[in-house]
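Welcome, and please have your viewer ready. We will go from stop to stop, with something to select at each one.

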Amino acid sequence: QPQLVESGGGLVQPGGSLTLTCVASKIVIKFYEMGWYRQAPGKQREFVASVISESSIHYADSVKGRFTISIDTDQNTVYLQMNSLKPEDTAVYYCNVLRTDWWGQGTQVTVSS
């Protein structure tokens, strides 16, 4: 069973930035499409961004222009750079191997003044 470990969440003021990290083990991420999802309290988990190569990246409309997903295949790590954060970005963020049940444990992001 692959393991995905997220980190980098925290409390940030509106307009601030955070970078989330997902370190993968027991899987070579360059062979898979990797993604980030989030789940806010009382809401369903939703897609945020995905990447399979530098030429195949997708974003939810709500984060386009503010978030950037990237991968480091040498480190087997996926990143989510989040800028211009808004209160509505508050959620638990999860790393995922798309189209599988392989999820990380999640990292909390809270955007509040």
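Start by selecting V12 and V111: V12 stands opposite V111, which belongs to β10. Before going on, a word on what you are looking at. This is a predicted model, in which local features need pLDDT of at least 70 and side-chain atom pairs count only at pLDDT 80 or more, while totals for chains, interfaces and linings use all residues. Residues are numbered from 1 along each chain as its sequence is written, and side-chain values use heavy atoms, with hydrogens and water left out.

**Stop 1: the sheet**

Now select residues 107-111, which make up β10; 3 bridges join this strand to β2, and the two run parallel. Strands here are DSSP runs of E with at least two residues, numbered from the N terminus, and two strands pair if DSSP finds at least two bridges between them. Widen the selection to the open sheet, where 6 strands follow the order β2-β10-β9-β4-β5-β6 with mixed pairing. At its edges you will find β2 (10-12) and β6 (56-59), each pairing on one side only. On average, neighbouring strands of this sheet are turned by 20° against each other, direction ignored; the angles are taken between axes, lines fitted to C-alpha atoms, and run from 0 to 180 degrees between N-to-C directions.

**Stop 2: the disulfide**

Which cysteines should you pick for the disulfide? Choose C22 and C95, whose sulfur atoms are 2.1 Å apart; the cut-off for a disulfide is a pair of cysteine sulfur atoms within 2.5 Å. The link of C22 and C95 is left-handed, with -75° about the S-S bond. Because C22 lies in strand β3 (residues 18-25) and C95 in strand β9 (residues 91-97), the pair ties together parts that are 73 residues apart in sequence. A search of the whole structure finds 1 disulfide. Are C22 and C95 buried or exposed? Both are buried, where buried means under 20% relative accessible area, exposed over 50%, and partly exposed in between (1.4 Å probe, protein chains only).

**Stop 3: the loop after β3**

Next, select V28 in the loop between β3 and β4 (34-39). V28 counts as partly exposed because its relative accessibility is 41%.

**Stop 4: across to D72**

Finish with D72 in strand β7 (residues 67-72). At 25% relative accessibility, D72 counts as partly exposed. Add V97 and draw a C-alpha to C-alpha distance: D72 and V97 are 15 Å apart in space and 25 residues apart in sequence.

Note on methods
Helices (H or I, at least four residues) and strands (E, at least two) are DSSP runs, numbered from the N terminus.
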